[in-house]
Amino acid sequence: MNERQEKIISFLDQKKDWVKGKDIALVMHVTTRTIRSDIETINNQMEDGWIESSYQMGYRLHIEKKALTQTHTNGIPQTPKERCDYILKKLLSVRESHISELCEQVCASIYTVEQDLKTIRTRMLPDDGLDLIYKKGWVSLVGDEYEKRRLFKRLLMEEVEENFFNIDCIAKLYPEFDLYRCKDLMSSCMKAHGFSVREMEVPMILMHVGVALKRMMLFHTIEETNDDSEIEKTVEYAVANDLYDRIAKLYPLKVNKNEKRQLALLLMGKKALEFTDNTIDYNGKKFELDQLTLDMLQSIYLHFCVNMKEDEELLRGLSLHLKSLVGRMNNNTSITNVYLDEIRWKFPLIFDMAVCAGETLKQTTGINISQDEIGFLALHLGASYNKITMTKRYRCLLFFPNDQALSSLVIDKIRNQFEERINIIGIEKTFEEKKVKDMNPDLILTTIPLTHSLNIPTVNISIFYSPENEAEIFSCLNKMDKEKGKKDFVNGIKNLIKKEYFYDHFPAKSAGEALRKMIDPLVTDGLVPSNYYNSILEREKFAPTSFQVGFALPHALNCDVNESVISIAFLDQPIKWGEYTVEFVILLGIKQSDNALLGVFFDWWIQLVSDPIRFTRLKRQKNYESFMHAILEE
């Protein structure tokens with residue numbers, strides 16, 4: 001098969017449903033006739049035909065073949081990034097590994113793996129403490145145990161990604177021991193000492209404990225010290241001490257005091273700063289870490305209306321990160337963030353928050369950080385932002401007139417599976433429209449057929465709650481997310497894209513010229529201040545707002561506008577913008593009082609550009625009416 005035919009298989013695999021031939025042709029930039037020919041070739045080369053076809057619905061990857069493909073490729077890294085991550089996790093789990101073994105595990109040649117090792121050593125390891133040793137065919141990771149654990153935790157967190165709050169997903173990361181048992185022991189220890197943490201913090205604590213146990217089982221421990229710290233007098237240390245003592249009875253472990261202190265510091269959250277040095281030195285000046293982190297988060301709150309200042313885990317994580325960052329600046333060293341492009345592409349709002357934090361850091365301390373460092377700040381902020389968004393759950397009303405014991409079993413299952421997305425506000429046996437209206441639910445789940453005139457999504461489930469019911473609830477919630485996102489976008493953003501600032505033919509030879517020609521009319525009409533151009537250039541210095549797929553999203557951070565507006569220009573000729581070539585520009589001017597709209601816009605935009613069919617169609621709509629139709633289509 002050629003490269004395009006492999007892309008067709010990958011594209012159908014991602015879509016997970018029927019796709020029209022004309023839409024595949026649109027994305028692949030070929031004719032529908034070529035697509036028909038490619039699919040015929042694929043089916044001839046693969047036994048029994050891997051792609052189903054339908055005159056009305058189009059094409060889809062055969063469900064059985066899809067499962068077979070996933071079975072064969074399960075666990076095998078498919079990209080250079082996946083290979084590098086796999087190798088790093090492998091080296092963090094063993095003392096050393098032979099390159100031939102690594103080649104076999106990632107299904108790649110020695111040359112390819114050697115290139116991966118070079119990438120890991122030069123781009124993926126923190127400068128302060130880790131190195132990759134490759135000698136006589138044997139590969140090992142050496143250096144500071146603290147840094148190894150931080151790296152290990154980061155890799156594992158990326159592996160679970162959006163499932164970070166799913167304990168089942170975290171438990172699968174540690175097959176060597178029973179993390180569920182450890183979770184139960186932790187709950188028991190906390191209860192015994194009258195201590196508690198927020199439920200949202202449990203996954204992070206379990207991740208820490210899992211990494212610590214995994215490393216200790218390989219005899220990699222944090223070095224013991226003679227520090228008679230005040231930490232050992234705290235209730236958090238008592239919990240950590242009790243927990244590790246109980247775990248040590250289940251597994252062949254000897255846990256020293258420093259391991260217990262590290263867990264105690266994590267349990268303390270913000271209070272941990274009392275037991276660590278709270279200052280940093282830069283250019284002969286001292287700065288208080290807790291105040292610096294609060295200033296950065298206050299700036300984010302003012303610009304984006306997102307309050308992260310109460311997240312103790314974030315405050316501690318940012319403080320520790322700033323210590324390492326300043327250490328690198330003082331030693332004139334740098335670190336490359338291999339996930340930078342992915343962060344900018346998938347999470348533009350989070351990246352902009354990190355830019356905002358970086359700008360505050362510069363204004364306060366004079367520290368001018370790189371794009372790579374901004375990307376690392378974004379990782380911390382993203383975890384906190386996810387917690388905030390996770391708390392915005394749908395209000396769910398259940399109708400379950402059946403046996404009490406049976407209903408409790410089903411309701412417990414629903415709560416456990418969907419606790420991050422729904423909040424059960426009531427359980428009723430009978431339906432009364434007025435009463436339901438007063439309760440104002442977002443979603444109704446019912447075991448009895450319901451006919452009502454309320455505009456509330458309703459899902460019928462079995463009294464025995466089958467896997468099909470679970471899938472139906474997931475589908476309904478995803479549809480509600482999509483509709484809410486579209487409603488927010490239509491209500492908040494649609495009217496900001498004005499016809500008079502939409503340019504279907506726009507001559508410009510550089511990014512600066514394009515910005516100047518787009519901003520001048522906005523200044524003339526009084527929508528943005530005269531210094532808006534310079535403010536955008538300042539934002540671009542931190543990190544260009546261009547993207548690999550051919551567009552730019554310029555905007556300012558520290559310059560308010562008089563009236564929110566979005567200007568769009570399709571360039572007559574592509575221009576170089578940062579490191580990418582840009583075909584069209586979306587200029588954002590969002591009033592500070594409307595800053596919540598930034599989140600709405602970015603959420604909508606990333607959904608659109610992540611859909612190859614919709615994004616390709618959008619790029620072809622170069623007049624105002626067709627463009628607006630394309631952005632609002634289902």
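## Close-up views of sheets and cavities in a predicted model

**Figure 1. Phe-551 and Phe-584 within the five-stranded sheet.** Phe-551 stands opposite Phe-584, a residue of strand S16, in a model that is predicted. The two bridges found here join strand S14, made of residues 551-552, to S16, and these two strands run parallel. Helix H24 packs on the sheet, where it touches S14, S15 and S16, and the direction of H24 makes about 150° with that of S16. Seen as a whole, the sheet is open and consists of five strands in the order S12-S15-S16-S14-S13, with mixed pairing. S12 and strand S13 (546-547) stand at the edges with a single partner strand each, so one side of each of them is left without a neighbour in the sheet.

**Figure 2. Strand S15 between its two partners, S12 and S16.** On one side, S15 is joined by four bridges to strand S12, which spans residues 497-506, and the two strands run parallel. Within this pairing, Ile-497 stands opposite Ile-566 of S15. S15 is also joined to strand S16 (residues 580-589), here by nine bridges, and this pair runs antiparallel. Trp-577 and Tyr-580 of S16 stand opposite one another, and the two strands form a hairpin with two residues between them, where Gly-578 in the turn has a positive phi of about 65°. Helix H26, residues 624-632, lies across S12 and S15 and runs at about 110° to S12.

**Figure 3. The second largest cavity, lined by residues that include Ile-497 and Ile-566.** The search of the whole structure finds two cavities of 30 Å³ or more, and the second largest has a volume of about 30 Å³. The residues that line this second largest cavity are Ile-497, Ile-566, Ile-568, Ile-586, Phe-601, Trp-604, Trp-605 and Phe-627. Two elements, strand S15 (565-577) and helix H24 (596-609), give two or more residues to this lining, and the largest share, three residues, comes from H24. By class, the lining of the second largest cavity has eight nonpolar residues, with no polar and no charged ones. Two of the lining residues, Ile-497 and Ile-566, are also the pair that stand opposite each other where Ile-497 faces S15.

**Figure 4. The largest cavity and its lining of nonpolar, polar and charged residues.** The largest cavity has a volume of about 90 Å³. Its lining is made up of Arg-344, Pro-348, Phe-351, Asp-352, Arg-539, Pro-544, Thr-545, Phe-547, Leu-553, His-555 and Phe-602. Divided by class, the residues of this lining are six nonpolar, two polar and three charged. Helix H17, which covers residues 348-365, provides the largest share of the lining, three residues.

**Figure 5. The three-stranded sheet S3-S5-S4 and the helices that lie across it.** Three strands, in the order S3-S5-S4, form an open sheet whose pairing is antiparallel. Strand S3 (97-98) and strand S4 (130-135) are the edge strands, each with a single partner, so one side of each is left without a neighbour in the sheet. S4 pairs with strand S5, residues 138-143, in the antiparallel sense over six bridges, and in this pairing Ile-133 stands opposite Ser-140 of S5. Helix H5, formed by residues 80-93, lies across S3, S4 and S5 and runs at about 75° to S5. Helix H7, formed by residues 110-124, lies across S4 and S5 and runs at about 155° to S4.

**Figure 6. The hairpin of strands S1 and S2, with the chain as context.** Strand S1 (residues 51-54) and strand S2 (residues 58-61) pair in the antiparallel sense over four bridges, and the two form a hairpin with three residues between them. Ile-51 has Leu-61 in S2 as its bridge partner. For context, the protein chain that holds this hairpin has 26 helices and 16 strands, and 49% of its 634 residues count as buried. Among the contacts in the protein chain with a separation of 6 or more, 68% are accounted for by residues 24 or more positions apart.

Terms used:
Residues numbered from 1 in each chain as written. Predicted model: local features only at pLDDT ≥ 70, side-chain atom pairs only at ≥ 80, totals over all residues. Heavy atoms only, no water. 1 Å grid on protein atoms, 1.4 Å probe; cavity = no way out; pocket = protein on both sides within 12 Å on 5 of 7 lines; lining within 4 Å. Points joined across faces, edges and corners; volume = space filled by probe spheres on them. Nonpolar A, V, L, I, M, F, W, Y, C, P; charged D, E, K, R; others polar. Pairing = 2+ DSSP bridges. Contact = heavy atoms within 4.5 Å. Axes fitted to C-alpha atoms, helices over the stretch in contact; angles between N-to-C directions. Buried < 20%, exposed > 50% of the residue type's maximum accessible area, 1.4 Å probe, protein only.
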